Amino acid sequence: MPALSRRDILKVSGALLGGAALASLPLGRQPRRAAADAPPSFIVLVLDSLSARNLSLLGYSRPTSPILERLADQCTVYHNHYAGGSFTTPGVSTLLTGLYPWTHRTFHLRGMLPEAFARQNIFAFLGREYTRLAYTHNQLAYILLSQLEPDLDLLLNRNSFVLRQNTPMPEDAFTNDIPASFLAFNDFMHASESSVSPASLSLGLADMLGFQRAQSRPAPGYPRGYPSNFQTYFKIEDLLSGLAGVSSDVSRQAAPFFAYFHLLPPHAPYNPYRKFIDPFLNDGLALPSKPEHPLAMLDKAPDKLLRLRLFYDAFVANVDYEIGRFFAALQAARVLEHTYLIITSDHGELFERGEYGHVSPLLYDPLVHVPLIVRAPGQNERRDVYLPTSNADLVPTILSLAGREIPPALEGRLLPGLGGIEDTGRSVYTVYAMENSAFLPLNTSIVSMRKDRHRLMYYRGYPGYNDRMELYDLEQDPEELRDLSTADAPLAKRMKEELLESARAADAPYRRKS
Amino acid sequence: MCRGFPDVFRRRFPPWTEIVSVFSFVSLLVYGRMFFVFAQKLPSWLMYLSLGRIASILSYALAGALFESLGYALLLALACALLPARWFRNEFIARSLWGFTTWMASLNLFFNRLSANGLESGLQELDLLPAWLAVTTLLVLAAFVFARAGLLKRVALWFADRSLVFLYIFLPASLLGLLAVAVRNIV
């Protein structure tokens, strides 16, 4: 009998963690035979930092998503879909609440939903008729999901399906108080992916030693090391095969289910599998030169940005390949016969104007334009929607498809093609307000507004860049090179007034307080 | 043998009062670092966390700092018990204080360097970690050796004596923190 390798043991451990949690759910043994009028199930797969602008499915010249292009033949593809925020916390909060960041007020890196909104989420709205489960190994998404745990039937352990951790994370011991213990340990006492200034120097040193040890270990098949988030290491194939198994298990029960799966790839570090390490090297990708933006925080040189984009695109191609395997596994388990599969992202990724990454005030299209691909049960033809849509639309759309009442306070609308009307005058927003207090009106913020073919970015409160606008015609100028805010001043003014009116309405409760 | 154990224990370990002095100084540095980072984080936390949430973070941190301080003090006392008396026990306060101060100062410098240019470049500098550990070990040993020198010893004793008063703040605060952590996780 062959000896078990360490990888086998880790896989079994991950499966056991997930399996043990699933054992608490009342699962049957046969695939569910849904009645014709039974509510459908949903799988929402969020791929962190996946920009629509880097997918060949949506027009990128590098062939980064051949699998999605093929799958799209049986999906509805949204070509102008926008995230609620430019990084995980606001982006995920919008996905889960159907509200824009200026309303749910979760627009800081380690922000949390205020009590008033924490119970108004997709899991609570769907109610107990649904089995509601969630998984993420993204720490920022995990802290938000832990806030919503009272409305979840199962929040899978964030260490399920991962290969290993650098150092044990103490907050995992305080499962009754995840948000506070997470902030205390992860954001304060330990070194973390966003802070190398730990309050406890001993814990910080242990983190660094663990990180260095993990980095020096071999990662077979991964020339740049395993994908990681500083503290945990994983393979995309393990994550998605684990989640396909979870979906298959939960689909066997009588009740419909709603599953929210949020995976880090293609978030940095861009460490793809060997096969995808350099697929686009020297491919001659031609990109226009863009001037550095005064608010760019990282000041990266163009050649460095080009190199980072090359790595990112390779990682996107790897993710695309694994989505294909995930889809095939779900089909083989007959999960998709009665389940909507929704693939999107919490925000995009930027490689231009001196900026790289996504925790950035530069709300240019690659950062806020995300994919949305929806496959309905039994769908076998492609549909394309070009109207602007938002991640805030997912909550009302899912509720409508599930036959639930849509709370009037939601800011999202039904998605066109899934019950929504085709409103060409509709505006969708993305909000960045990391320098603004969550408890005060928005005085320092950047808001992106997409309306029809135009996109306006409105800056306020930034020294030297206050009350500034940029306006682009995305049909004529998809690379956002010609600012029309002066040339088409009347349009810019109209859009700005509409934007400010919406912002004022969202600010109203905070104006009264202040 | 069992009857003799307490005597051996007493003989090898430093006097209780000296352990408390060292613990108080260790606490001063550990809690000091914690409060320093807390003060750095507070303005941003106030932007998005409620006061209750900040208090709960502080509870965990106070409890953590207590255990960290106890751990260091215990480690020093154990080292004292294991090493020959003339190496460590006879100058327990002075050597512990200077050794520990060197260790913490070096750790501080190390993390300052890591965080100076952001996480990305900081992590690339982690290759320096083994060299840093080696240099720090040498510095701590040097501090041990020179700690018995007149002036250094007097300074150490002066600090040890004066840091005791901080325990009257740290210990009750940490016990309250522990209580809050227990309540939050049990209720």
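**A guided tour from helix H3(A)**

Select helix H3(A) first: A:Thr88, A:Thr89, A:Pro90, A:Gly91, A:Val92, A:Ser93, A:Thr94, A:Leu95, A:Leu96 and A:Thr97 are buried in it. The model on screen is predicted. Because 10 of the 10 residues of H3(A) are buried, the helix is largely enclosed by the rest of the structure. Step past its end to A:Gly98, which follows H3(A) and has a positive phi, near 75°.

**The largest cavity**

Keep A:Leu95 and A:Leu96 selected and add A:Val44, A:Ile122, A:Phe258, A:Tyr260, A:Leu394, A:Val395 and A:Ile398; together these residues line the largest cavity. Helix H3 (88–97), S8 and helix H13 (394–401) of chain A are the elements that give two or more residues to this lining. H13(A) supplies the largest share, 3 residues. What is the make-up of the lining by class? It has 9 nonpolar residues, with no polar and no charged ones. The volume of the largest cavity is about 50 Å³, and the whole structure holds 4 cavities of 30 Å³ or more.

**From strand S8 to A:Arg274**

Next, follow chain A from strand S8 (257–263) into the loop that leads to helix H11 (302–332), and select A:Arg274 there. Which residues does A:Arg274 contact, apart from neighbours within four places in sequence? They are A:Gly221 and A:Pro223. Now add A:Arg224, which is 50 residues away from A:Arg274 along the chain; the C-alpha atoms of the two are separated by 8.7 Å.

**The second largest pocket**

Move on to the second largest pocket, which contains about 900 Å³ of space. To centre the view, select A:Arg53, A:Lys290, A:Pro366, A:Pro478 and A:Glu479, the closest to the pocket centre of the 43 lining residues. H11, strand S10 (350–352) and helix H12 (365–368) of chain A each give two or more residues to the lining. Among these elements, H11(A) gives the most, with 4 residues. Colouring the lining of this pocket by class shows 20 nonpolar, 9 polar and 14 charged residues.

**The nonpolar cores**

Display both chains and select A:Trp102, A:Phe188 and A:Met208, which touch the most other members of the largest nonpolar core, a set of 112 residues. Helix H3 (residues 51–82) of chain B provides the largest share of this core, 13 residues.

Zoom in on A:Phe188. Residues up to four places away in sequence aside, its contacts in chain A are A:Leu183, A:Ser197, A:Pro198 and A:Ala199. In chain B, A:Phe188 touches B:Met34, B:Val37, B:Phe38, B:Lys41, B:Trp45, B:Ile57 and B:Ala61. A second, separate core has 50 residues, including A:Ala72, A:Val77, A:Ala259 and A:Val335.

**The interface between the chains**

For the last stop, select the residues where the two chains meet: 40 residues of chain B are in contact with 46 residues of chain A. The size of an interface is often given as the accessible area lost when the parts come together. Here the buried area between chain B and chain A is about 3400 Å², and carbon and sulfur atoms give 67% of it. Which residues of chain B lose the most area to chain A? They are B:Met47, B:Tyr48 and B:Tyr60, which together account for 20% of what that side buries.

Definitions and conventions. Residues are numbered from 1 along each chain as its sequence is written. Chains are lettered from A and ligands numbered from 1 in the order in which they are written. This is a predicted model: local features need pLDDT of at least 70, side-chain atom pairs count only at pLDDT 80 or more; totals for chains, interfaces and linings use all residues. Side-chain values use heavy atoms; hydrogens and water are left out. Contact means heavy atoms within 4.5 Å. On a 1 Å grid over the protein atoms alone, a cavity is a set of points where a 1.4 Å probe fits but cannot get out, and a pocket is an open set with protein on both sides within 12 Å along at least five of seven lines; lining residues have an atom within 4 Å of a point. Grid points are joined across faces, edges and corners, and a volume is the space filled by probe spheres set on the points. Ala, Val, Leu, Ile, Met, Phe, Trp, Tyr, Cys and Pro count as nonpolar, Asp, Glu, Lys and Arg as charged, and the others, Gly among them, as polar. A nonpolar core is a set of buried Ala, Val, Leu, Ile, Met, Phe, Trp, Tyr and Cys residues joined through side-chain atoms within 4.5 Å. Buried means under 20% relative accessible area, exposed over 50%, partly exposed in between (1.4 Å probe, protein chains only). Buried area is the accessible area (1.4 Å probe) that two parts lose on being put together, summed over both.
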